[in-house]
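Thanks for coming, everyone. Please have the sequence and the structure open while I talk. I'll go through a few spots and then the bigger picture.

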Amino acid sequence: MDVFIDILVMSLMFLLGISVGSFLNVVADRIPAGKSIISPPSHCFSCGHRLENRDLIPLISYLALRGKCRYCGASISARSFMVELITGILFVLIWLRFGVSWQLLTGILYCSFLIVLAVTDYEQSFLPGVVIYAGIGLALILAALGSAIGFPPDILSATIGLLTGFGLIFLVWLASWLGHKKILLFAHAVWGGLVGAFLGFPLVVVALCLSVPVGLLIILILRLMRIRKGGETIPWGSFLALSALITLLCGDAILSWIYPVFAGLIK
Ligand SMILES: [Zn+2]
């Protein structure tokens, strides 16, 4: 019986995830273009035909239509499908990690912000300020509420995380700017602050450190697969989003592994 309930709850989390993922696609498409996320209703980017409910079922519509518009046959970006699928899987993982808890709520909210910013940075080298600042405001409010009911990260940890994330990336941005090598955007520093506010201190340091090997590995894979050529701006915000998600799910385990190593080094 327990197994049945587990499978039922995981399925519900997956359905919630793919539905939220569908909305995140709309946000990632419209916010960078300065458009409203409410109106006009979803339409085909090619022929402009308004999409009906049967065209908007997460995952299913894309598969049923084989990635093409029902009305004009234009290809629909596979990213929509991937974002829905990945959001669904992440919601299940967050559920498995935290169960019914405050962190389940904050985890799925943070996960949603991370996905939108990962997509916009990867596709357009753009991190919309409105999303980042809304995320920072939300993280601080949730941290204050979390402090009141005794869940991490508390407001002090979130604030130190915010300053640490911003400060460290700001230094890298400043060094690259002074060296006339614009490998990062200033928005990446604010983005680092957002990740810090989400995760708190010291988990933000784990996410930042992790983003370097994660980024190098992804760049290597993309070059080998010839998906992304050399010389383009590094979508580091996307790598940080992935690192932040890994830290959200297993940061405590990573920390408990790192602490003894550091303690050993100090001795
Ligand atoms: Zn169309």
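Start with Ser 125. Is it buried or exposed? It counts as partly exposed, because it has 16 C-beta neighbours inside 10 Å, and a buried residue needs 20 or more. Keep in mind that this is a predicted model. Ser 125 sits in the loop between H4 and H5. Its phi is positive, about 50 degrees, although Ser 125 is not a glycine.

Now the two helices on either side of that loop. H4 covers residues 102–124, and H5 covers residues 129–149. In general, a packed pair of helices is described by an angle between the axes and a distance between the axes. Here the angle is about 170 degrees, and the axes are 11 Å apart. So H4 is roughly antiparallel to H5, since angles over 145 degrees count that way.

Which residues meet there? From H4 we have Trp 102, Thr 106, Leu 109, Phe 113, Val 116 and Leu 117. From H5 we have Val 131, Gly 135, Leu 138, Leu 142, Gly 146 and Ile 149. The contact holds 9 nonpolar residues, 3 polar and no charged.

Next, a second positive phi. Leu 59 is not a glycine, yet its phi is about 65 degrees. Find it in the loop between H1 and H2. Leu 59 is partly exposed, because it has 18 other C-beta atoms within 10 Å, short of the 20 needed for buried.

The loop between H1 and H2 also holds Pro 40. A cis peptide bond joins Ser 39 to Pro 40, with omega about -5 degrees. There is another cis bond between Phe 201 and Pro 202, with omega about 5 degrees. Pro 202 belongs to the loop between H7 and H8.

Now the bigger picture. The domain assignment gives domain 1 as 1–99 and domain 2 as 101–267. Their C-alpha centres are 24 Å apart. The contact uses 17 residues of domain 1 and 18 residues of domain 2. On the domain 1 side, the elements giving two or more residues are H1 and H3. Which one gives the largest share? H3 does, with 10 residues. By type, that side of domain 1 has 13 nonpolar residues, 2 polar and 2 charged.

Let's look at H3 itself. It has 21 residues and spans 30 Å from first C-alpha to last, close to the 30 Å expected. Its buried residues include Phe 81, Val 83, Thr 87, Leu 90 and Trp 95. Just after H3 comes Gly 99, with a positive phi of about 60 degrees.

Take Val 83 in H3. Why is it buried? Because 24 C-beta neighbours lie inside 10 Å, and the threshold is 20. Setting aside neighbours within four places in sequence, Val 83 contacts Gly 21, Leu 24, Asn 25, Ile 115 and Val 119. Not everything is in reach: the C-alpha atoms of Val 83 and Phe 166 are 27 Å apart.

Last stop, Gly 21, in H1. Gly 21 is buried too, because it has 26 other C-beta atoms within 10 Å. Beyond four places in sequence, it touches Pro 58, Val 83, Glu 84, Ile 86, Thr 87 and Gly 88. Pro 58 is 37 residues away along the chain, but the C-alpha atoms of Gly 21 and Pro 58 are separated by 8.0 Å.

Definitions and conventions. Residues are numbered from 1 along each chain as its sequence is written. This is a predicted model: local features need pLDDT of at least 70, side-chain atom pairs count only at pLDDT 80 or more; totals for chains, interfaces and linings use all residues. Domain bounds come from an automatic or database domain assignment. Two residues are in contact if their C-beta atoms, placed from the backbone, lie within 7 Å. Helices (H or I, at least four residues) and strands (E, at least two) are DSSP runs, numbered from the N terminus. Ala, Val, Leu, Ile, Met, Phe, Trp, Tyr, Cys and Pro count as nonpolar, Asp, Glu, Lys and Arg as charged, and the others, Gly among them, as polar. The expected span of a helix is 1.5 Å times one less than its number of residues. A residue is buried if 20 or more other C-beta atoms lie within 10 Å of its own, exposed if 12 or fewer, and partly exposed in between; C-beta atoms are placed from the backbone. Axes are lines fitted to C-alpha atoms, for helices over the stretch in contact, and angles run from 0 to 180 degrees between N-to-C directions. Angles under 35 degrees count as roughly parallel, over 145 as roughly antiparallel, 65 to 115 as roughly perpendicular and the rest as oblique.
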